[in-house]
Every structure is written in C-alpha cells, then in structure tokens.
Amino acid sequence: MKTLFLAFRMEWSNRSQFFIHVSVLILVLYFTLQYFGAYYGTIYSSIGSQIYELSASLTSSVSNDKLRQIESLPGFQSVFLTAAETAEIDGHTYQVASIVGQLSSSMQLDGSDFSESDIASEKCVMLVPYAYTLQSGKNIGDSLTLNGTDYQIIGTVGESLNGYFFVPYTTLSKSFTPLGIQIALDSNKISQEQYADAAVKAGEILGVSIEKRDFDQEFSALLQTRKMESIFYFSLGTISLLFVYSYILFQRQKRLAIYSLHGSTFKRLTAILLSGSVIIFCVGFVIAYILGRAVNGFVFSHFFDYDTFALKWGDLVFFFVITLSIYLVVLFLYLRRFRRTSAIGAYRRKE
Amino acid sequence: MMKTIRLAVKFFSKQKAANLLVIIIVVLMLYVTTIAYNQYNQIFGSYMYFKDTPISQSIYFMGREAANTENGSLIDNSYLDDLLPLTESQNNIAGVSSICAFSASDTSRDSGFGLYMYDKITANTLYNGFSLQGEWPWDLPLLSPYPVVVYNGAESRYKVGDVIELDIYAASPLVSINRPVADRHVILSCKVVGITDKVYPFAISANTKSNFADTVAGMFSGGDSEKATCVFLPYIDSIFHDYRFASDTMLIYFKDSSTEEDIRQFQSQINKYGYNVRGSEILQATKKEADYQFRKNFFVFYTLSGLVLVSLMTVSFLNAKRLTRTIAIYYVNGCSNYKAIRIYLTYFTGLYLLGFGLYYAAISIQHLLMSGSSNFMDNVRSYLYAADPKTAAALGLAGLAASILFGMIPFWLIRRKSRIQLVKEN
C-alpha cells in the first residue's frame, strides 16, 4: 500500500509530466490498436467470408439424392451445374447452366428466380445475361429457342455470368447433358472447423478428394502481405513511447534521489516505479481499446459503412504483453543506470 | 553563425541516446508517411490521371468475343470494314485510336527495343502532364526522318537530335480469315525529337469484353519494365494501315461539342458490331473502385497520420522542452530569445536532416531490393517504398516545418517567465 501511495504521490507531484505521459501513451496505443485491429479484422473477414468452391467434371448426371445430401451440408450455399451443350446466338457463345440453392448477390438478378413449381414441373423458363438482352433486343417475357425448344425469359443476370443461360436444374438434367459441378459453401454461417469438414464431405459425396483447409496457415500467409509496413508502424509507435517514457524517467531522477537519501532501498524504488508504470499502462491500454471500439462502432460504421475492427482475446493479450514488455525494458535500463549513479550525483545531475 | 553552429553541435553531443531516438523517429515517420502517400496514389492515381482526358468523351469499343468465331482462334474483324467508315461519316467524332506495339531494332547499333505507335489524341491522353525534354513528335509534320520520342530506360542510349534507322517488325494480331495480313519488316528513318523520363507504353487490353464498365486499369494492359528502352512514334497511316490495331479494341473519341444524345445515338448504332462502353462510365467505375479501396484502406491512412502526428508533436515538443534548462542558462548569460531559437533550430534542423538522409538512403535501397526481388509479394508491394527525390523532399520539408512549429511551443510557454525562475524550475 505504501508503495502504491508513493507511486501516486510521485505522479501527483509531477502532474504535467503525468498528463503528457498518459496522453501520448493512450494516443499511441489507440492508433496502434486501431491499425492492427482493422488489419487483423480485414484478414479475419476475408478468410471468414470466403466461399469454398469445389469443382468437378461429371461423367453422368448427379442424382437428386446426391444433390439433397449436398444441400443438407452445413454452410451450403449453392451448386452450379453446367451442361455440355452450348448455344450460338448472334455470334456469341453461351453455356447452359443451373443453380441449386441460394443465388449469390453478385448475380445481379433482375426479374424473378425459378419458383418451386418451375423446378418441380421441369418448366422451360430461363434467366439470360443482361448483355444478351442488349445485343439481341430481347427482354423479360420474350421467348428464346434452344435445341428446338422454346424457353421463356423470366429474368436477367449480371456481368459475372455473361456467358450463361440458366434453366431449372430439373430441366437441365432432363433436356441437357450435365458436364461440370461447382459446390459453394459459405463460411459465414458456420464455424471454420465445420466449414472445412463440410467441404471434405462434399468431396466424398461426389467422389472427389478434397484437402482440408488450414485457416491458421491462411491467416499467417495473409499477415505477411503487410509485414514490412506493420513492422515500421509498430516500431514508430514503440520508439515514440520510449522517447516519452525515457524523458519522464529522466525528469524524475531528482525525486528518486530524494527517496533514496531518505532511506528508500533500490528494491523499494523499483517497486514504486514498476507499480506506477504498470497501473498507468494497464489503464491506458483499456482506455485505448475502448476508444478503438467506440470509434469503429460509431464513427467508421456510420460514416464509412465499414467496420472491420476485430481482435480476438489472444491477439489482445499478445499486444498487451509485447507493448508492456518493451515499456518495462526501458524502465529496467533506466534503473540499471540509476543504480550505478550515487544518490547525491543523481540529485545534482540536471542533464 | 559559427558560434550558433558550435552551440547547436553542443546540444547534439549532449544526451546522445535521446538524439538517436529523435533520429529514429524522424526516419520512421518519413517511412510510414511515404507508405501512406504511395498507397493513396495507387488507389486514386489512374482516376486522377485520366479524369480530364478525352477518355471522358469517348466510347470504348471492345469488339466481339474471340471464342465466338467459327474456328475459335482468329478474330473475325469483318465488322471493322463497316464500323470504321461509320466513324468517318460522323461529324462529331474527333478520331479513332490507333495503338500498336511492335518490336524494333536500331540497324546501326544492333539493339532491340519496344516500339509503340499512337495516334495524336491517344498519345496526348496517355502522356497527360508528363515531362519532356525536346519536342512532342505528334505536334510535328510526319515526314521522313519521322519524329520519335524516346524513353532511355536504364541506359542513356539516345539523345535529342539522334537519327535512328529502325527495322520494325510489323505484325497484326488482328487478322481475319477474309483478309489475312502478312508480317513484314519496315525500315524507317527516324529522328529523336524528344526524351521522356516516364514510361507509359500501354496498349488497349484485348481481354476486356463486356457491356459493363471496367476500370481504366482494365482498359489498358501494361508494357515494358521501367528499365527497358522504348521508342514512341506517331501513327503513320500510309505505312502501317494494315497494322493499325493491336487488337479489336479501340477508343472512339468525340469532339468536345458533342452532346450526350449524339454519343448515345452513335452507341446504339454500333451495338450490333460488338461490346462497347462509354468512357465516362469507365471513369465512374474507376472512381467507384478507388472510393471503395480508399474506404477499405481508410484505417491505414487514419492510423498512420494519427500516429505520425502524435510522434511529431511529442518528439518536437519534448525535445525542445528537454533543452530549456540549457537555454535558460544562455538567457541568464545574456542570450536573446531570438538567438536561443536560432541555436535550437540549427540543432534540430541538423538532427532532422540526418534523419532525412538515413530515411532516403534506406527507402531507396529497400525499393531497389524489393523491386528486383524474386519474391512475388515483395515485388508487388515495392511501389509502397518508391520515393522519387521531389516527393521525398516535399514530405521531408513538410515534416520539418511541422516539427519546427511544435518545437516552438516550449519557447512560447517560457516567454513570460523570468530567467532566474527558469533556471530554478529546471
């Protein structure tokens, strides 16, 4: 208690230094946490939002049974089936395809998707690329003849699917020859472990060997992309803190010398400085973290519609330990130097 | 002056550890500012470069998909026979781009390089605002010896006034079954009228084919590396007519007086020939992509500038404050406030310049190593560490000015205190 009281007194009697120290500490920690929080968050979201695409060539039609099994997999998003048949229209080549499951937003669907009854009755309806409607002048509601059969256009899809005409999968199985299959699993809906397992299971259903994804390895690989910049950034934050801290410690040597002349042992002086520093650092770290969460939660997500700040507990502990260790190393170096100087010398020494 | 420098050196020799920390902070601050500056340029660079060029009043014509032709490998360009006369018949069309890339060699030196041929509008668009020593070939009459502009690359091969005998290997990838074009050698006498220090030998990309607007970067495909020599020549229709297009993609430029309606009307006429998109839409898509990238990387700019500012303020303020006792002793000994500030500024500028020198040497070496590295990621991200002397000097001066500004705060704080009080306090 006495140590804490003396630490408090030391800070209180040097209020302006304390203010500079705490302000710089909080700001440096805040910007550093903000940078790494957003950076880690971007990586987490890029790994997390990935779609597992499993492609295979088909030699025969995929049975409805297998499609049902695939649909029941955790994180299932869609199956993309392509037919061997292509259509040559106005000098452009289109492939006939079908999607089972949820349409992705990148399809930019305009018009309507296939209804349950369209699928059940193997109806001759079709989604065509928007570019095709521009080229051909055909619109939603018009008919298009494929393989001698008339298909009614019920909607259009966007740029990413410019080369495809979509029909219900039951129609594709009945009237065309299935050629390829792509299974998409969405990692947003399930845990990473379930997601990786589901992909392996999907491979088993189709008789294709799938290697299980290693998310830790992917995270490390993505972390490498900004490795150099992060090192420079972290170094700038650290050295700035060191500069402030060494300045503060230097300014306090006179007070420490007075304590020493009054009989305080070196151990006691170390305890005073250590307890004061650790408390200030812990409080500063917590404030910086709260500030980071608040700025991201309120400002970034409101004005930029973008909030990726995400640090797991493990990451936070890692940053805390690393930054505190660096902080304490300076304290240690300073105390070593102080010990070598006589108390009188330290008291008299100004610069 | 000598006395000021001597006293400034005395400041420098005191507390070497603190001075070393200041130098390291200056180096790191300039480093991270360069990274942020280059990242910003990478995001908005192409949009800023092209936004006020004739691309905004153009149609980007992409032709048909190669896979749609009968044999699947050759481009059916028969539609060009209809499209080109159509462009010539329109009064509001300023021109159609001609962009070709050939390999060529200097017959007297037996050295090969890339040769790029552009029409005037495209040349002015691609080289918008670049620096040129000499004249611009597109402003000169097209007579033999033909005027060329040279980018020397890593070597200082050519200078203004040199006459080169070029052996050009002309080949057109845009051939059709109906009208095959044989490759041939063209010997051309050229005169170097200009030297450029910037290489931008882009050709229009043949891969983009869609009715949806891509970014400007998607319109062009890259050329040679920064180290290779390139020669740029105005398009000579009488010689290179058969090799005018390196692909079936082209830019159709409209006159400034053309209205939206004129462009739309023409666009509706050429829809039957192939994919096409308005240049203004491409610029909008580029801006949208740049905005998205900026939002995505905003945390980098925000945190970097925040930390640099905090470091700059801290180091300048505390460094000046650290020296106030010595300065106070100078005051007591009759030094004026003006002289004290001058000593401090000489000391700090010296310290800062030392940091700046280290920064510039380190970042130049790093850029060199990364751009020549066999590691793909290092190679890709080497642009972040590119610091041309002008940019580095501008960043350095801005940092120095801000540091001096923050360093003046302690002087301002002590201005009303008596000199004795200053010595006692410190």
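Buried residues make up 39% of the 426 residues in chain B, where a residue is buried if 20 or more other C-beta atoms lie within 10 Å of its own, exposed if 12 or fewer, and partly exposed in between, with C-beta atoms placed from the backbone. The model is predicted: local features need pLDDT of at least 70, side-chain atom pairs count only at pLDDT 80 or more, and totals for chains, interfaces and linings use all residues. Residues are numbered from 1 along each chain as its sequence is written, while chains are lettered from A and ligands numbered from 1 in the order in which they are written.

## Overview of the chains

Chain B has 14 helices and 13 strands; these elements are DSSP runs numbered from the N terminus, with helices (H or I) of at least four residues and strands (E) of at least two. Chain A comes to 13 helices and nine strands. The table sets out the composition of each chain.

| Chain | Residues | Buried residues | Helices and strands |
|---|---|---|---|
| A | 351 residues | 32% | 13 helices, nine strands |
| B | 426 residues | 39% | 14 helices, 13 strands |

Contacts are also described by sequence separation, two residues being in contact if their C-beta atoms, placed from the backbone, lie within 7 Å. In chain B, residues 24 or more positions apart account for 81% of the contacts with a separation of 6 or more. In chain A, 78% of the contacts between residues at least 6 apart in sequence join residues at least 24 apart.

## The sheet of chain B

An open sheet of chain B is built from four strands in the order S2-S12-S1-S13, with antiparallel pairing; two strands pair if DSSP finds at least two bridges between them. Strands S2 (93–96) and S13 (275–278) of chain B each have a single partner strand and stand at the edges, so one side of each is left without a neighbour in the sheet. On average, and with direction ignored, neighbouring strands of this sheet are turned by 20° against each other. Axes here are lines fitted to C-alpha atoms, for helices over the stretch in contact, and angles run from 0 to 180 degrees between N-to-C directions.

S2(B) runs antiparallel to strand S12 (residues 250–254) of chain B and is joined to that strand by three bridges. B:Ile252 in S12(B) is the bridge partner of B:Val96. Two helices of chain B pack on the sheet. Helix H7 (residues 260–270) of chain B touches strand S1 (58–63), S12 and S13 of chain B, and the direction of this helix makes about 10° with that of S1(B). Helix H8 (residues 279–296) of chain B touches S1 and S13 of chain B, with a direction at about 70° to that of S13(B).

## Helix packing within chain B

Helices H11 (residues 337–371) and H13 (residues 389–413) of chain B pack at an angle of about 145°, and their axes are 10 Å apart. H11(B) passes H13(B) in a right-handed crossing; a crossing is left-handed if the near helix is turned anticlockwise from the far one by less than a right angle, and right-handed if clockwise. The residues that meet include B:Phe348, B:Tyr352 and B:Phe356 in H11(B), and B:Gly396, B:Leu400 and B:Gly407 in H13(B). By class, this contact of H11(B) with H13(B) has 11 nonpolar, four polar and no charged residues. In this classification Ala, Val, Leu, Ile, Met, Phe, Trp, Tyr, Cys and Pro count as nonpolar, Asp, Glu, Lys and Arg as charged, and the others, Gly among them, as polar.

## The contact between the chains

Chain A gives 34 residues to the contact and chain B gives 38 residues. On the side of chain A that touches chain B, the elements giving two or more residues are helix H2 (15–48), strand S3 (92–101), helix H5 (130–136) and helix H9 (227–251) of chain A. H9(A) supplies the largest share of that side, 13 residues. The residues of the side of chain A that touches chain B divide into 18 nonpolar, 12 polar and four charged.

The axes of H9(A) and helix H9 (residues 298–322) of chain B come within 10 Å and cross at roughly 25°. H9(A) and H9(B) are therefore roughly parallel to each other; angles under 35 degrees count as roughly parallel, over 145 as roughly antiparallel, 65 to 115 as roughly perpendicular and the rest as oblique. H9(A) passes H9(B) in a left-handed crossing. Among the residues that meet are A:Leu236, A:Ser240 and A:Phe243 in H9(A), and B:Leu307, B:Ser311 and B:Arg322 in H9(B). The contact of H9(A) with H9(B) has 10 nonpolar, four polar and one charged residues by class.

## Two residues of chain A

A:Tyr39 is found in helix H2 of chain A and counts as buried, with 25 C-beta neighbours inside 10 Å. A:Tyr39 and A:Leu223 are 184 residues apart in sequence, and their C-alpha atoms are 8.6 Å apart. A:Arg255 lies in helix H10 (residues 253–261) of chain A and counts as partly exposed, with 17 C-beta neighbours inside 10 Å. The C-alpha atoms of A:Arg255 and A:Met10 are separated by 7.8 Å, with these positions 245 residues apart along the chain.
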